[in-house]
Amino acid sequence: MTQSELKRPELLAPAGTLEKLKIAIHYGADACYIGGEAYGLRSRAGNFDFDEMQEAVDYAHKHNAKVYVASNMVTHVGDEEGAGEFFRTIRDIGIDAVIISDPALMQICASDAPGLEMHLSTQQSAVNYETLNFWEDAGLTRCVLGREVSMAEVAEIRQKTNVEIEAFVHGAMCISYSGRCTLSNHMAHRDANRGGCCQSCRWQYGLYDMPKLGDRYMVGKGEEGTDIDEPFAMSAVDLSMINHIPDIIQNGIDSLKVEGRMKSIHYVSTVINVYRKAIDSYLEDPDNYQVQQEWIDELWKSAQRELATGFYYGRPTENEQLFGKRRRIPRYQFVGEVLDYDPDSQIATIQQRNNFGVGDLIEFYGPGMRHFQQELTAMRDEDGQAIDRAPHAMQIISMKVNQPVKAHDMIRKER
């Protein structure tokens, strides 16, 4: 496929709050997906009210980006009440599309909010071209593929469909099929498919042998009664497709989706920064494109779990699951965000996010993969007083920096 035949895909970022949305777009996202105060699957995320949605849309459209609202809950009787007014309101606000899985909500959206685009949620497990064609005939303009789809299946789906394809390329993977899990319902009385998932799969469990009623022996106990094995979980490692950008683009995926509406601005800025650079680098010169080690290293600075390619290149094995303690411990901590910079004095104003201080080796980074390190030798508080550490949450401090920085550049350090 020649450079002229390659379609530029959308880079779609998670935005759990207005701050995260602005950071994602600043670092290169073409679109963001958010949650409203109803009908979504992340009740604990910083969901947007209508005023915040309006501000998000105004900011995004000013920067040539789009905003989608996830309304992908499974409705029980009564859950759909008010949905028509909700969809009409977000349409009039200027939301670009709604991500939806329940046919009842689709019908309400189509009849009560004509003109609002509908995208099929991954919760519907769309993994073959007949399914995508069905949903296109039903009026949907895009389908988010189930995470169980392979790259070979993506290629076939693209050849036999016209509807837009969205697929996850980075972030957490649900251990259940397309996220349709009921562990949380049974263990915490919180319905995962109505926004209440408590991530039961990531809890730690003990494994017991019960040979007969009343007996219970922990598997892995030594003779002296001490545990020789770590408690286990049932969760998967995270997805990362940074090594396969050419495959993704050549096989016609229209939107590359990053998971993580509940993740920090450190995570969002780092991941979007890397994928923006990789996508642009490939499209600029596909024949000479090479994955850069610095991109992979950068992703590991925000990773909380190991990374793998999910189902794209084969069925995951036990190596792609987390049973005990992490095999790779996160090394970096997000410590601050640049608010302002004076080029004459070389003084940067910083908002603290985690404890750091004099003597630390800190790293600044910004859009376009700009980054540099320096040892912090001095800093001052808001009153201009010299301090050794910044231990207070959101504390405003100032410091001299070795290279120019910009507002919304981030700071991290090794743990």
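Asn64 is found in the loop between H2 and E3, and that loop is a good place to begin a walk through this predicted model. The phi of Asn64 is positive, near 60°, although the residue is not a glycine. Most residues other than glycine have a negative phi. Asn64 also counts as exposed, at 73% relative accessibility.

A second residue of this kind is Met369, another non-glycine with a positive phi, in this case near 65°. Met369 sits in the loop between strand E18 (361-366) and strand E19 (370-375). Buried or exposed: which word fits Met369? Met369 counts as buried, because its relative accessibility is 8% and the cut-off for buried is under 20%.

**Helix H3 and what covers it**

Let us turn to helix H3, which spans residues 83-93. Which residues of H3 are buried? They are Ala83, Gly84, Phe86, Phe87, Ile90 and Ile93. The cover over these buried residues includes two helices, H2 (50-62) and H4 (103-112), together with two strands, E3 (66-71) and E4 (97-100). Directly after H3 comes Gly94, with a positive phi near 115°.

Helix H4, one of the elements in that cover, contains Pro103. Pro103 is partly exposed, with a relative accessible area of 44%. Setting aside residues up to four places away in sequence, Pro103 touches Gln124 and Trp135. For a sense of distance, the C-alpha atoms of Pro103 and Ala390 are 51 Å apart in space, while the two residues are 287 residues apart in sequence.

**The two ends of helix H5**

Helix H5 covers residues 129-137, and Asn128 caps its N-terminal end. How is the cap made? A side-chain oxygen of Asn128 lies 3.2 Å from the backbone nitrogen of Glu130. Just after H5, Gly139 takes a positive phi of about 105°.

**Cysteines without a bridge**

How many disulfides are counted in this model? The count comes to zero. Cys143 is therefore in no disulfide: a pair of sulfur atoms must lie within 2.5 Å, and the nearest cysteine sulfur to that of Cys143 belongs to Cys109, 14 Å away.

Cys143 has its place in strand E6 (residues 142-144), where it is buried, with a relative accessible area of 0%. Leaving aside neighbours within four places in sequence, Cys143 is in contact with Leu120, Leu132, Trp135, Val163, Glu164, Ile165 and Glu166. Trp135 is also touched by Pro103. Along the chain, Cys143 and Gly35 are 108 residues apart, and their C-alpha atoms are separated by 18 Å. Cys174, by contrast with the buried Cys143, is partly exposed, with a relative accessible area of 37%.

**Ser240 and its partners**

Strand E11 (residues 238-240) holds Ser240. This serine is buried, with a relative accessible area of 9%. The Ser240 side chain makes a polar contact with the side chain of His170, at 3.5 Å, and another with the side chain of Tyr275, at 3.5 Å. Beyond four places in sequence, the residues in contact with Ser240 are Val169, His170, Tyr275, Leu299, Leu307, Ala308 and Thr309.

**An enclosed space**

How many cavities of 30 Å³ or more are counted? The count comes to one. About 70 Å³ of space lies in the largest cavity. Which residues line it? The lining is made up of Leu145, Gly146, Arg147, Val149, Ala167, Phe168, Met173, Leu239, Gly310, Phe311 and Tyr312. By type, these lining residues divide into eight nonpolar, two polar and one charged. Since Arg counts as charged and Gly as polar, Arg147 is the charged member of the lining, and Gly146 and Gly310 are the polar ones.

**Accessibility side by side**

The table gathers the relative accessible areas of residues met along the way.

| Residue | Relative accessible area | Class |
|---|---|---|
| Cys143 | 0% | buried |
| Met369 | 8% | buried |
| Ser240 | 9% | buried |
| Cys174 | 37% | partly exposed |
| Pro103 | 44% | partly exposed |
| Asn64 | 73% | exposed |

Terms used:
Residues numbered from 1 in each chain as written. Predicted model: local features only at pLDDT ≥ 70, side-chain atom pairs only at ≥ 80, totals over all residues. Heavy atoms only, no water. 1 Å grid on protein atoms, 1.4 Å probe; cavity = no way out; pocket = protein on both sides within 12 Å on 5 of 7 lines; lining within 4 Å. Points joined across faces, edges and corners; volume = space filled by probe spheres on them. Polar contact = N/O pair within 3.5 Å; in protein donor to acceptor, adjacent residues only side chain to side chain. Helix = DSSP H or I, 4+ residues; strand = E, 2+ residues; numbered from the N terminus. Buried < 20%, exposed > 50% of the residue type's maximum accessible area, 1.4 Å probe, protein only. Contact = heavy atoms within 4.5 Å.
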